[in-house]
Amino acid sequence: MGIIIGVLVLLGALVSAISAFGLIRLPDVYLRSHAATKSATLGVFLVLLGAFVYFWLFEDHVSIKLLLGIFFVFLTSPVAGHLNARAAYRSGVSLWKGSVRDDLKKEVKRERLEEIKQMNT
């Protein structure tokens, strides 16, 4: 059983390292946000899961703190990444030149036109 715990922690560390590499290598804020939220969340989940299994099997202790840690990482990390990307987009940070699709362009333009209409009335 110790091998499974070691594999979980090692895999989590590896995924976190790949996430850090993605933060350095990816070309724009939106892709970096993806690396920071998706893979880092998975990496932290695997490490915390390994710690949870260790305490559960070897110490006969179910750690509510680790379960809460897993829950809050899954809750807050994607939301924070989404809000950071949204703030970057709305403040005018351009997409990478290799991006082929911009789904929000029409929606943001429509919202800005509505705001201008409301200010004029």
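## A bridge between H3 and H4

Let's start with a contact between two side chains: Arg 90 pairs with Glu 111 in a salt bridge, with 2.9 Å between the closest N and O atoms. Arg 90 belongs to helix H3 (residues 64–90) and Glu 111 to helix H4 (residues 105–120), so this pair ties together parts that lie 21 residues apart in sequence. The term salt bridge here means a side-chain nitrogen of Lys or Arg within 4 Å of a carboxyl oxygen of Asp or Glu. Helices are DSSP runs of H or I with at least four residues, strands are E runs of at least two, and the numbering starts from the N terminus.

Both partners are partly exposed: Arg 90 has a relative accessible area of 34%, and Glu 111 comes in at 24%. For these labels, buried is under 20% relative accessible area, exposed is over 50%, and partly exposed is in between, using a 1.4 Å probe and protein chains only.

## What kind of model this is

This is a predicted model, in which local features need pLDDT of at least 70 and side-chain atom pairs count only at pLDDT 80 or more, while totals for chains, interfaces and linings use all residues. Residues are numbered from 1 along each chain as its sequence is written, and side-chain values use heavy atoms, with hydrogens and water left out.

As for confidence, the protein has a mean pLDDT of 89, and 100% of its residues reach 70 or more. The pLDDT score is the predictor's confidence in each residue, on a scale from 0 to 100. Confidence is highest in H1, at a mean of 93, and lowest in H4, at 86.

## The other salt bridges

The whole structure has 4 salt bridges. One of them sits within H4: Glu 107 and Arg 110 come together with their closest N and O atoms 2.3 Å apart. Both residues lie in helix H4, 3 residues apart, which is about one turn of the helix. Glu 107 is partly exposed at 31% relative accessible area, and Arg 110 is partly exposed too, at 37%. Through shared salt-bridge partners, Glu 107, Arg 110 and Glu 114 are joined into one network.

Arg 101 and Asp 103 form another of these bridges, at 2.8 Å from N to O. Arg 101 and Asp 103 are both exposed.

## How H1, H2 and H3 pack

Helix H1 (residues 2–25) and helix H2 (residues 29–58) have axes that come within 8 Å and cross at roughly 165°. Axes are lines fitted to C-alpha atoms, for helices over the stretch in contact, and the angles run from 0 to 180 degrees between N-to-C directions. H1 and H2 are therefore roughly antiparallel to each other. On this scale, angles under 35 degrees are roughly parallel, over 145 roughly antiparallel, 65 to 115 roughly perpendicular, and the rest oblique. The crossing of H1 and H2 is left-handed, meaning that the near helix is turned anticlockwise from the far one by less than a right angle (clockwise would make it right-handed). The contact of H1 with H2 is made up of 18 nonpolar, 8 polar and 1 charged residues. In this tally, Ala, Val, Leu, Ile, Met, Phe, Trp, Tyr, Cys and Pro are nonpolar, Asp, Glu, Lys and Arg are charged, and the others, Gly among them, are polar.

H2 also packs with H3, at an angle of about 175° and with the axes 9 Å apart. That makes H2 roughly antiparallel to H3. The contact of H2 with H3 has 19 nonpolar and 6 polar residues, and no charged ones.

## Residues on H2

Ala 51 is found in H2 and is partly exposed, at 24% relative accessible area. The C-alpha atoms of Ala 51 and Gly 6 are 9.4 Å apart, although 45 residues separate the two along the chain.

Phe 45 also lies in H2, partly exposed at 25%. From C-alpha to C-alpha, Phe 45 and Gly 69 are 8.7 Å apart in space and 24 residues apart in sequence.

## The loop between H2 and H3

Asp 60 is found in the loop between H2 and H3 and is exposed, with a relative accessible area of 70%. Its phi is near 50°, a positive value in a residue other than glycine. Most residues other than glycine have a negative phi.

Ser 63 is in the loop between H2 and H3 as well, but is buried, at 10% relative accessible area. The C-alpha atoms of Ser 63 and Phe 52 are separated by 6.5 Å, with their positions 11 residues apart along the chain.
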